[in-house]
Amino acid sequence: MIRPAAGTAAARPAAARTAAAAGTSQAETAPGSAGSGAAAAAGTSQAETAPGSAGSGAAAAGTSQAAPAAGTALRIEGVRKAFGANCVLKGVDLAVDTHQVICLIGASGSGKSTLLRCVDLLEAIDAGRVVFFGHDVTSPAVDEILVRRQMGMVFQSFNLFPHLRVLRNITLAPVKALGMTAADAEGEAMALLARFGLADKARDYPDRLSGGQQQRVAIIRALAMHPKLMLLDEVTSALDPELVGEVLDVIRELAAGGMTMLIATHEMGFARETATRVVFLEDGVIVEEGPPSQVLDAPQDERTRRFLGRVLSAGRM
Amino acid sequence: MTGTPPLGPGDPPVADGGVGLPEVGGAVDELGAGAFSRSRRGRLLRSQRGAVVTSTASTLVVLGAIVVAFLLAPGSRAVRATYFNAHDMWRAFIGDPHEGFYSVGRGLVVNIEMFTIGEVLILVLALLVALVRQSKSPVLFPLRMIAVAYVDFFRGVPLILVILAIGFGLPALYLPVVSSQSAFVYGVLALVLAYSAYVSEVYRAGLNSVPLSQIASARSLGLRPRTAMRHVVLPQAVRTIIPPLLNDFISLQKDTALVAVLGAVIEANRAAEIYSSTVFNYSGYTVAALLFLLLTIPLARFTDHLIARDRTRRLAGAT
Ligand SMILES: Nc1ncnc2c1ncn2[C@@H]1O[C@H](COP(=O)(O)OP(=O)(O)OP(=O)(O)O)[C@@H](O)[C@H]1O
Ligand SMILES: [Mg+2]
């Protein structure tokens, strides 16, 4: 396979981007520069057209404090979140290293979506921190919009913009948020579409596409921002069984290309095969985590065993 | 092949049908054999055609009865002479300054001017009011309160009072600029203030109809709230509000006639008023009414068309 991740077929800045996605060695050895260095590399193309937006993104992220542990993309520290009286996250700690694929599993209502939304700063957390490439992005001083531009989020229900054609769905954010020229953004979008076999859908409206195609477009739309972390929230749950595979293939390809991903999923087979680590969430806390072979095949905790038993009897494993 | 009758299987059905399951056999027959045959469908079609003929006929009878009642009414001749006098209608339409009255047709152009200018201003003002009301920023709290009060006030007060208050009230203040405008300007101002209150609610309904998941996805892409509003939320909202918006504009078209109360604006209704008081014949009003219908009916049909198109699209999207 081709080198996926951010290494798009788009010509010129591809090298820089691949380096960023692959987590350049200097990013790991010289942690201080990791965040801003990677950000700058990821933002190469737009830095040329609109230095203001991309540059300030890196700068804003770069102003925060301390150096990160080497290669840590994301660290969730004691995150709590309640909706009214309903405590959904009760102190979650989780670290994701670059190029790792972490699969979040857990029963419905266990807080997987909420955790991902908190990481993407779509929900304000009540306590704890989210540290993204060494920067506490939950601190009030951080412009959360600049942070979101470096994380890609894909939702269960695709959420493509129904009034925009596929191509425009993908280029909207690169053009409006990163200041890329329409031509550059379209070039990259077409390259991504072609890579995932959707080039002929570029001019269609989303409702003309199958669910699987829509979800692949949604993934491409997130990729077009050159995220340093992808958050996938049960991206196959709304799909007919025969369409699940094509979406999982895309995610596998991203994983093979070194993309760092935090994935909430009910697809145990997929988690077993793709995840670096599986994290079992129940009732707002992480009950167990480890390599898939350990968590899925030899769970230590009684609650994990019960959950997996239920999943097994539901035939989802 | 032809030898089947003597064999066993030939007989039992007859016996069954006759003895065993008569009522089941009957039911199957009714559904199975006859149900979808062409003759039945033809009958349905024919009865449908019959229904159309019946309804058309009854409509014509009712309309005819109204016309007959109108023609036979004791005062019919007088009413026809005052409201439907062809000669007066034509005179009112073209106007005659020497006789002291204006053209209702020309007046209508003023109405058209009023609502085209008004519509543009309403679209802008109403959007601003709706956006302020939708805003969440604490900084905008005072503005939000003003917007709420504005909408409550202008939706509650009859339009005619708004026109009178502005058309006669503002000049009476003797303020610079504000008090020295033409009645046309006051008329348009009153219409804009009143209608923006309604239309801002239409906008708000449209904005709220956009699913939160769309906003979440725009935010997750790192779009600023203003960009998300402009490129994601508004375009989707506008699509759903166009029919109700056009309905409001149909009302606006006819409500421009109310500006006639200011006297100084010679629009269609005012021209008709002057004609009737000069000639003592109300046919001018009939002309004005007909002209307004000529304007509003096409817009009404266009609105219907958009609603129907939207409906088919939504049905197609639902599958
Ligand atoms: N915006 C919200 N307001 C109030 N409660 C919420 C909100 N979002 C989530 N919740 C509650 O938080 C709890 C966890 O929800 P969450 O969506 O995170 O679970 P999940 O693990 O993703 O479940 P699923 O597998 O069904 O997607 C649920 O009880 C839900 O009702
Ligand atoms: Mg969920």
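1. Setting aside neighbours within four places in sequence, B:Arg204 touches B:Ala130, B:Arg133 and B:Gln134. The residue belongs to helix H9 of chain B, which spans residues 183-209. Its relative accessible area is 19%, so B:Arg204 counts as buried, the cut-off being under 20%. The model under discussion is a predicted one, and the assignment should be read with that in mind.

2. The fold of chain B may be described next. Chain B contains 13 helices and zero strands, and its pattern along the sequence reads α-α-α-α-α-α-α-α-α-α-α-α-α. Of the 319 residues in chain B, 35% are buried. Among contacts in chain B with a separation of 6 or more, 73% are accounted for by residues 24 or more positions apart. The accessible surface of this chain amounts to about 19,000 Å², and carbon and sulfur atoms hold 70% of that surface.

3. One part of the surface of chain B deserves separate mention. B:Val67, B:Val68, B:Phe70, B:Leu71, B:Leu72, B:Val79, B:Tyr83, B:Phe84 and B:Tyr282 make up a nonpolar surface patch of about 800 Å². Two elements of chain B, helix H3 (38-72) and helix H4 (76-83), each give two or more residues to this patch. Helix H3 of chain B gives the most, with five residues. B:Phe70 is a residue of helix H3 of chain B, and its relative accessible area of 32% makes it partly exposed.

4. The interface between the two chains is considered next. The size of an interface is often expressed as the accessible area lost when the parts come together. Between chain A and chain B the buried area is about 1,800 Å², with 58% of it from carbon and sulfur atoms. On the side of chain A, the residues that lose the most area to chain B are A:Ile145, A:Phe161 and A:His163, which together account for 29% of what that side buries. The contact involves 27 residues from chain A and 18 residues from chain B.

5. The polar component of the interface can be itemised. Seven residue pairs are in polar contact between chain A and chain B, both residues being at pLDDT 80 or more. One salt bridge is counted between chain A and chain B. A:Asp143 and B:Arg224 form a salt bridge, with their closest N and O atoms 2.8 Å apart. On the side of chain A that touches chain B, the elements giving two or more residues are helix H7 (144-148), strand S6 (151-154), helix H8 (166-176) and helix H10 (211-223) of chain A.

6. B:His231 offers a residue-level view of the boundary between the chains. It is placed in helix H11 of chain B, residues 225-255. Leaving aside neighbours within four places in sequence, B:His231 contacts A:His163, A:Leu164, A:Arg168, A:Leu172 and A:Lys176. With a relative accessible area of 12%, B:His231 is buried.

7. Salt bridges in the structure as a whole number 22 over all chains. One of them joins A:Arg148 to A:Glu144, where the closest N and O atoms are 3.0 Å apart. These partners lie about one helical turn from each other, because A:Arg148 and A:Glu144 are four residues apart in helix H7 of chain A. The two ends have unlike surroundings: A:Arg148 is buried, at 2% relative accessible area, whereas A:Glu144 is partly exposed, at 36%.

8. A further pair in chain A consists of A:Asp249 and A:Arg252, whose side chains form a salt bridge of 2.7 Å, N to O. Here the residues are three apart in helix H11 (residues 241-256) of chain A, which means a separation of about one helical turn. A:Asp249 is partly exposed at 42% relative accessibility, and A:Arg252 is partly exposed with a relative accessible area of 27%.

9. Two further items concern charged side chains in chain A. A:Arg303 and A:Asp301 meet through their side chains in a salt bridge of 3.2 Å, N to O; A:Arg303 is partly exposed at 32% relative accessibility. In addition, a network of salt bridges links A:Arg75, A:Glu77, A:Arg129 and A:Asp136.

Technical notes: Residues numbered from 1 in each chain as written. Chains lettered and ligands numbered in written order. Heavy atoms only, no water. Patch = residues over 30% accessible without salt bridge, like charges linked within 9 Å, V, L, I, M, F, W, Y side chains within 5 Å. Areas by Shrake-Rupley, 256 points an atom, 1.4 Å probe, with all protein chains shown as cover. Salt bridge = Lys/Arg side-chain N within 4 Å of Asp/Glu carboxyl O. Buried < 20%, exposed > 50% of the residue type's maximum accessible area, 1.4 Å probe, protein only. Contact = heavy atoms within 4.5 Å. Buried area = accessible area lost by both parts, 1.4 Å probe. Polar contact = N/O pair within 3.5 Å; in protein donor to acceptor, adjacent residues only side chain to side chain.
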